[in-house]
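Subject: Handover of a structure and notes on its fold

Dear colleague,

Please find below the sequence and the structure that I am handing over to you. I should be grateful if you would read the notes with the structure open beside them.

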Amino acid sequence: MQSEADRFAELIRRHRPDFAFERADRMQSSGQFNTVLSIDAKWIFRFPKSPGAAADLACELEILPRLRGRLPLPIPEPCFHALDSESGELLFMGYPLLPGEPLLREKFAELKDDEALLERIAKDLALFLRTLHAIAPADLGLTTGKENAKDEWARIYADLREKLYPHMRSDAREALRRNFETALNDADLWHAAECLIHGDFGTGNILYRDGRISGVIDFGFCGSGDPAQDLGALLASYGEPFGEQLLRHYPTLRAGLRRARFYQSNYALIQALYALRDGDEAEFEDGMRDYV
């Protein structure tokens with residue numbers, strides 16, 4: 001029986017016969033939205049798991065070349081892609097392998113007692129975010145003003161009520177209602193200036209090697225938005241103490257800390273929403289674990 005890696009390798013060969021390679025290995029840290037292959041330990045090819053994920057990957061393919069040379073850490077530089085001849089949907093994207101491994105929570109926990117090391121990591125990530133957030137979305141051809149942060153999260157709240165309430169315990173629904181209505185009725189909370197954000201700045205997308213951050217990947221949600229979303233993802237990934245350490249090197253981001261905490265409190269449910277969109281039962285169950 002043909003393995004998943006062999007099936008995707010065949011897809012690459014069919015659409016890019018000019019690209020010769022010998023070995024294709026599925027990476028275990030593929031993430032929620034894409035299946036990821038390591039090709040000859042030199043290339044990364046990502047295959048979206050759903051039409052929604054394909055649209056996100058297509059956005060990433062468009063924005064990455066515009067960011068080339070503008071950020072202080074390595075990011076993917078796409079060299080290959082292919083479209084479905086009938087639907088026009090993106091089938092895959094390929095780029096040279098970036099150095100390092102994802103800085104997952106387990107690895108971060110091993111480093112937490114080395115204060116000098118954490119300081120270097122905080123500086124690396126703060127510089128990356130400061131630089132990214134300073135890029136005007138219009139400079140990359142992106143539009144702004146379609147939906148401010150408050151309106152976006154009001155829409156998310158409506159989606160949660162419609163799509164996830166039927167799966168939630170009654171007390172979890174009530175806690176969610178209080179959390180969102182308290183936030184949405186707090187006019188002082190939503191003073192957020194839009195900028196360019198990564199949009200998914202969590203453990204699986206931050207690469208680490210030899211005591212430094214070695215790259216950032218997965219720009220499928222990059223676009224105009226609230227910089228507190230990137231801070232919220234970091235808080236969810238590495239905790240409040242590290243968040244405070246990073247804010248010392250990016251002090252203006254502190255203005256969004258309350259929003260970041262609100263965003264952080266709902267990321268598991270956002271995961272479940274996307275899983276429902278994509279028909280991913282395992283990711284849905286994981287996101288809903290504390291609510292059912």
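The notes that follow go from the whole chain to its sheets, and then to two individual residues.

**The chain as a whole**

Please bear in mind that this is a predicted model. The mean pLDDT of the chain is 94, and 98% of the residues score at least 70. Among the elements of the chain, the lowest mean pLDDT, 93, belongs to strand S10 (residues 223–225), and the highest, 98, to strand S9 (residues 212–216).

The secondary structure consists of 11 helices and 10 strands. The radius of gyration is 19 Å, close to the 19 Å that the globule rule gives for 292 residues, so the chain is as compact as a globular protein of that length. The C-alpha trace spans about 55 × 45 × 40 Å along its principal axes.

Of the 292 residues, 48% count as buried. The chain exposes about 14500 Å², and carbon and sulfur atoms supply 49% of that area. As to contacts with a separation of 6 or more, 67% of them are between residues 24 or more positions apart.

**The sheet of five strands**

An open sheet of 5 strands, with antiparallel pairing, follows the order S1-S2-S3-S5-S4. Its edge strands are S1 (24–26) and S4 (80–83), each of which pairs on one side only. On average, neighbouring strands of this sheet are turned by 20° against each other, direction ignored.

At one edge, S1 pairs with strand S2 (residues 34–39) in the antiparallel sense over 3 bridges. Within this pairing, Arg 26 stands opposite Leu 37 in S2.

Strand S5 has two pairings to describe. It pairs with S3 in the antiparallel sense over 4 bridges, and here Ile 44 stands opposite Tyr 95 in S5. S5 is also joined to S4 by 4 bridges, again running antiparallel, and Gly 94 in S5 is the bridge partner of Phe 80. The hairpin of S4 and S5 has 6 residues between the strands, and in it Gly 88 takes a positive phi near 75°. S5 is mostly covered, with 6 of its 7 residues buried.

Two helices lie across this sheet. Helix H1 (residues 4–15) lies across S1, S2, S3 (43–48), S4 and S5 (90–96), running at about 75° to S2. Helix H2 (residues 51–67) lies across S2, S3, S4 and S5, and runs at about 40° to S5.

**The sheet of three strands**

A further open sheet has 3 strands in the order S6-S8-S9, with antiparallel pairing. Strand S6 (101–102) and S9 stand at its edges with a single partner strand each, so one side of each is left without a neighbour in the sheet. S6 pairs with strand S8 (residues 206–209) in the antiparallel sense over 2 bridges, and Glu 101 stands opposite Tyr 208 in S8. Helix H4 (residues 115–134) lies across S8 and S9, running at about 30° to S9.

**Two residues in their surroundings**

Ile 12 lies in helix H1, the helix that lies across S1, S2, S3, S4 and S5. Why does Ile 12 count as buried? Its relative accessibility is 0%, and the term applies because that value is under 20%. Leaving aside residues up to four places away in sequence, Ile 12 touches Pro 17, Phe 19, Phe 21, Ile 39, Phe 45, Phe 47 and Phe 92. The C-alpha atoms of Ile 12 and Phe 284, 272 residues apart along the chain, are separated by 29 Å.

Glu 244 is placed in helix H8 (residues 240–247). With a relative accessible area of 28%, Glu 244 is partly exposed, whereas Ile 12 counts as buried. Residues up to four places away in sequence not being counted, Glu 244 touches Arg 254 and Leu 257. Arg 254 is 10 residues from Glu 244 along the chain, and their C-alpha atoms are separated by 8.8 Å.

With kind regards

How values were computed. Residues are numbered from 1 along each chain as its sequence is written. This is a predicted model: local features need pLDDT of at least 70, side-chain atom pairs count only at pLDDT 80 or more; totals for chains, interfaces and linings use all residues. Side-chain values use heavy atoms; hydrogens and water are left out. Two strands pair if DSSP finds at least two bridges between them. Axes are lines fitted to C-alpha atoms, for helices over the stretch in contact, and angles run from 0 to 180 degrees between N-to-C directions. Contact means heavy atoms within 4.5 Å. Buried means under 20% relative accessible area, exposed over 50%, partly exposed in between (1.4 Å probe, protein chains only). pLDDT is the predictor's confidence in each residue, from 0 to 100. The radius of gyration is taken over C-alpha atoms; the globule rule is 2.2 Å times the number of residues to the power 0.38. Accessible areas come from the Shrake-Rupley method with a 1.4 Å probe; for residues, only the protein chains shown count as cover.
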